[in-house]
Amino acid sequence: MTHTRESRRTTFRRIARRSYAQWPAYDSTPLYDRTSLTGLESDIRTVSETWFDHESHDSVEEFICALPIACFRFSVHDRYVGSTRYRMDTLFRVFVLKELHGWEHETALVGYLGNRPELCEQLGFETIPDQSTLWRSWHERFTADLRETVETAVRTILIKAQNADVEIPREPTRKLRDHGNESDESDPDDQTTLEQAEKITDHVSRIVFPAFSLDRGEGCEIHENAYWDLQTYLGLRERLAANEGARSFTYESTRDRTPLGHAHREHIRDLSVSGIREMYRQAVNRLLSEVAETEEFFRAGIVAIDITEADPFTGDRTGHEDEIIGTKEKTDEYAYQWATIQLVGNVIPIVLDARPVRKGESRLEIVKDLLNSAEELVHVDNVLMDREFDSQHILEMLSQRGLSYVVPKRMQTSEKAQAKRLLQRDKDRYETDRKLHLGKNEWHETTLIYRRKQDSEHDDHRQYSVFMTNCGSGHLTEYGYRWEIESGYKSIKRFMAATTSKNFELRFFYFSFACLLYSIWRAVDLLVQVELTGEYKHSPMITADNTLTLLKKETGIG
């Protein structure tokens with residue numbers, strides 16, 4: 001089918017309504033302008049992943065002709081001086097077409113265009129360039145960076161079209177562009193791994209960090225990237241606060257101007273919780289789009305929802321009682337609490353979203369909010385939660401969404417009695433159906449699974465754990481994946497800057513940015529493994545410290 005004005009309008013309306021996609025890129029962040037090739041790549045990624053979802057858009061060649069690039073200034077990437085016969089935007093489209101088909105020489109491209117006058121008209125050609133003109137345009141007129149952008153754009157278009165079951169002329173390369181330093185060894189050495197990690201970290205940071213913005217207005221002397229650079233620097237060292245970190249950063253940074261600690265904090269405090277979450281989700285969406293272009297990642301799987309708490313707060317919390325709340329263990333201590341939803345299982349453990357926990361918020365409200373966010377980013381199959389989410393109303397909500405779940409149950413009198421009977425019979429496992437009362441004669445049907453713990457130190461009912469699930473006992477083993485969120489929290493807290501401030505927005509931003517650094521680490525590790533070994537193993541090949549050190553070098557992209 002041929003795209004129409006209505007189908008194009010529908011596509012761009014969908015893009016405008018997507019919460020986590022900003023298009024065009026140069027208009028949504030001060031880190032890109034109309035000459036930024038990274039911004040152009042981002043726009044092509046954003047448009048293509050929505051374009052091919054429309055039933056009328058079943059041609060990659062039509063997409064190339066319809067791709068809106070009029071706002072991009074190609075002149076910066078044009079090495080010719082003076083008037084020329086062919087426009088850069090027209091040549092860009094035609095070289096995307098050449099790369100799309102995988103033709104090595106311009107002769108094949110010229111022959112193809114010669115047999116398709118309608119395509120030539122759509123591309124903007126009045127006359128078809130000859131082979132030598134095209135060769136010179138590619139090798140002499142286009143900059144090396146622009147040629148690389150053509151290759152990146154084509155890989156993106158092929159992958160997005162293939163994911164939407166649109167016919168494509170060739171298979172895409174499901175990895176990043178060739179960075180060199182490839183090793184023929186099955187087990188790459190440390191130097192090769194770090195070199196590859198540096199290049200991929202640079203690539204990822206240029207995609208992810210533009211999602212963040214301080215909205216400082218125009219004419220600022222210190223580039224906005226310097227703030228994200230400093231925040232990353234603070235995450236490099238444990239317990240490093242902004243003032244001390246800013247002083248050290250002045251000497252270690254290659255920038256002429258860097259922010260002072262108090263200025264950095266003031267800008268962060270001006271952010272809202274909703275604004276921080278929106279920027280975080282945009283950044284994660286960009287990150288997911290990048291790793292989704294490998295065969296080793298699929299935007300579907302198991303998510304774990306949990307709540308973590310900061311170190312106990314020992315100061316005066318007057319006026320902040322709704323934000324500095326009690327600990328999960330019901331002690332007499334107080335702490336800030338944050339909830340997250342994270343991919344777990346056989347995919348990379350990326351934190352999809354984070355939110356603060358305030359006094360009076362129900363667990364049902366928190367779970368709904370995090371799931372709404374996550375389901376816009378990935379397809380969720382199964383939800384794992386801790387026993388603090390043992391609520392029949394939460395379980396009913398998950399079932400109504402068509403999601404499966406595994407949640408441990410707090411043992412009440414009936415569960416303790418059943419566990420005692422199982423112990424007497426020396427049974428390791430037991431399943432039984434249970435109806436949980438929702439109120440007003442409504443019930444939620446679930447399955448209770450009793451499982452005996454190995455090497456338990458107890459000699460009574462505490463030898464058993466009880467789980468609730470709506471997906472059968474076969475999914476119980478998946479609950480073991482939940483440990484990843486706990487180990488993830490340890491790394492996330494390692495990445496957090498230190499502060500004694502009671503400002504809620506500042507505290508939440510520090511936690512969110514640490515979640516982002518953690519997610520970048522795991523994404524970079526996947527891409528490095530795929531690039532060097534052709535497969536992904538859950539155990540990281542590069543360390544978090546490696547990635548943070550590289551990010552410190554690469555965040556200053558302005």
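Trainee: Why is D353 called buried?

Mentor: This is a predicted model, and in it D353 has a relative accessible area of 0%; since buried means under 20%, D353 is therefore counted as buried.

Trainee: How do you know that D353 forms a salt bridge with R277?

Mentor: The closest N and O atoms of D353 and R277 are 2.6 Å apart, and the rule asks for a side-chain nitrogen of Lys or Arg within 4 Å of a carboxyl oxygen of Asp or Glu, so the pair meets the rule for a salt bridge. The two partners come from distant parts of the chain, with D353 in strand β5 (residues 351–357) and R277 in helix α13, 76 residues apart. R277 has a relative accessible area of 10%, which is again under the 20% limit, and R277 is therefore buried as well. Both residues also belong to a network of salt bridges that links R277, E278, R281, D353, R355, E361 and D369.

Trainee: What makes helix α13 largely enclosed by the rest of the structure?

Mentor: The reason lies in the count, because 16 of the 19 residues of α13 are buried. The helix, residues 273–291, reaches 27 Å from its first C-alpha to its last, and this is close to the 27 Å expected at 1.5 Å a residue.

Trainee: How do you know that E49 and K160 form a salt bridge, and where do the two residues lie?

Mentor: Their closest N and O atoms are 3.5 Å apart, and the limit is 4 Å, so the pair qualifies. E49 lies in helix α2 (residues 37–51) and K160 in helix α8 (residues 144–163), with the two positions 111 residues apart in numbering. As for burial, E49 has 15% relative accessibility and K160 has 8%; both values are under 20%, and therefore each residue counts as buried.

Trainee: Why is R410 called partly exposed, and how does its partner D390 count, as buried or exposed?

Mentor: R410 has a relative accessible area of 37%, which falls between the 20% and 50% limits, so partly exposed is the term that applies. D390, at 15% relative accessibility, counts as buried. The two form a salt bridge in which the closest N and O atoms are 3.5 Å apart, and this pair is one of 20 salt bridges in the count.

Trainee: What makes the ring pair of Y430 and Y450 tilted?

Mentor: The pair is one of 19 aromatic pairs. The ring centres are 5.9 Å apart and the planes stand at 50°; planes under 30 degrees apart would count as stacked and over 60 as edge-to-face, so the pair is tilted. Y430 lies in strand β8 (residues 429–439) and Y450 in strand β9 (residues 442–452), so the pair ties together parts that are 20 residues apart in sequence. The burial of the two rings' residues is given by 25% relative accessibility for Y430, which counts as partly exposed, and by 1% for Y450, which is buried.

Trainee: How do you know that the charged end of R522 sits over the ring of W521?

Mentor: The distance from the ring centre is 5.1 Å, and the rule allows up to 6 Å, together with a limit of 35 degrees from the ring normal. R116 likewise lies over the face of Y112, at 3.7 Å from the ring centre.

Technical notes:
Residues are numbered from 1 along each chain as its sequence is written. This is a predicted model: local features need pLDDT of at least 70, side-chain atom pairs count only at pLDDT 80 or more; totals for chains, interfaces and linings use all residues. Side-chain values use heavy atoms; hydrogens and water are left out. Helices (H or I, at least four residues) and strands (E, at least two) are DSSP runs, numbered from the N terminus. The expected span of a helix is 1.5 Å times one less than its number of residues. Buried means under 20% relative accessible area, exposed over 50%, partly exposed in between (1.4 Å probe, protein chains only). Rings of Phe, Tyr and Trp (its six-membered ring) pair if their centres lie within 6.5 Å; planes under 30 degrees apart count as stacked, over 60 as edge-to-face and the rest as tilted.
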